[in-house]
Amino acid sequence: QVQVKESGGGLVQPGGSLRLSCAASGSIFRLSQMDWFRQTPGKQRELVARLLSDDSTTYGDFVMGRFAMSRGNDKNTAYLEMNNLQPEDTAMYFCHAGVVTRSWGRPESFWGQGTQVTVST
């Protein structure tokens, strides 16, 4: 089995920064991708950032250069550095991992439980 766990959320003032961490563990042969999504009550989950196996990244349009996703020294760990946070960034942030569990397998989706980010004075 595979576990995905986020950490690093919290309360920050507008203009502040946070660093989210995501760690995947368990029966992992390789990761095809790691993503950060966010969701607020009554809204659909939206993609914040995506990191592919070739280390290329894509971001949601709303990011506008404020966030950066990177891979940790442990290849099954990823970070989301968020700068210049604004109240509209307040949401539950979820990590998603595309995991290949066998050498011949196809990626399977695994989600973490989420970490709350609140941007407020």
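In this predicted model, the backbone nitrogen of Gly9 lies 3.1 Å from a polar atom of the Thr115 side chain. Thr115 is a good place to start a tour. This threonine belongs to strand S11, and with a relative accessibility of 10% it counts as buried, because the cut-off for that word is under 20%. Leaving aside residues up to four places away in sequence, Thr115 touches Glu6, Ser7, Gly8 and Gly9, and also Leu20, Ala91, Met92 and Tyr93.

## The overall picture

What kinds of elements does the protein contain, helices or strands? There are eleven strands and zero helices, and reading along the sequence gives the pattern β-β-β-β-β-β-β-β-β-β-β. The C-alpha atoms fill a box of roughly 50 × 25 × 25 Å along the principal axes. The radius of gyration is 14 Å, which agrees with the value near 14 Å that a compact globule of 121 residues would have. Of those 121 residues, 40% count as buried. Among contacts between residues at least 6 apart in sequence, 54% join residues at least 24 apart.

## A four-stranded sheet

Strands of a sheet pair through backbone hydrogen bonds, and the pairing can be parallel or antiparallel. Here, four strands make an open sheet in the order S1-S3-S8-S7, with antiparallel pairing. S1 and S7 each have a single partner strand, so they stand at the edges with one side left without a neighbour in the sheet. From one strand to the next, the twist averages 15°.

Take S1 and S3 as an example. These two strands run antiparallel and are joined by six bridges. Lys5 stands opposite Ala23 of S3.

## The nonpolar core

In soluble globular proteins, nonpolar side chains tend to be buried together. The largest nonpolar core of this protein has 30 residues, and the members that touch the most others are Trp36, Val48, Leu80, Met82 and Tyr93. Two or more residues come from each of strands S1 (2–7), S3 (18–26), S4 (30–39), S5 (46–52), S7 (67–71), S8 (77–82), S9 (91–100) and S11 (115–119). Which strand gives the most to this core? That is S9, with five residues.

Met82 deserves a closer look. Apart from residues up to four places away in sequence, this methionine touches Gly16, Ser17, Leu18, Leu20, Arg66, Phe67, Tyr93 and Val117. Tyr93 appears here again, having been named among the core members that touch the most others and among the residues touched by Thr115.

## Two loop residues with positive phi

Most residues other than glycine have a negative phi. Met64 has a positive one, near 50°, and so does Asn84, also near 50°. Where do they sit? Met64 is found in the loop between strand S6 (57–59) and S7, whereas Asn84 lies in the loop between S8 and S9. The table sets them side by side.

| Residue | Phi | Loop | Relative accessible area |
|---|---|---|---|
| Met64 | near 50° | between S6 and S7 | 68%, exposed |
| Asn84 | near 50° | between S8 and S9 | 39%, partly exposed |

Met64 is called exposed because its relative accessible area of 68% is over 50%. Asn84, at 39%, is partly exposed, because that value falls between 20% and 50%.

Notes:
Residues numbered from 1 in each chain as written. Predicted model: local features only at pLDDT ≥ 70, side-chain atom pairs only at ≥ 80, totals over all residues. Heavy atoms only, no water. Core = buried A, V, L, I, M, F, W, Y, C linked by side-chain atoms within 4.5 Å. Buried < 20%, exposed > 50% of the residue type's maximum accessible area, 1.4 Å probe, protein only. Contact = heavy atoms within 4.5 Å. Pairing = 2+ DSSP bridges. Axes fitted to C-alpha atoms, helices over the stretch in contact; angles between N-to-C directions. Polar contact = N/O pair within 3.5 Å; in protein donor to acceptor, adjacent residues only side chain to side chain. Rg over C-alpha atoms; globule rule 2.2 N^0.38 Å.
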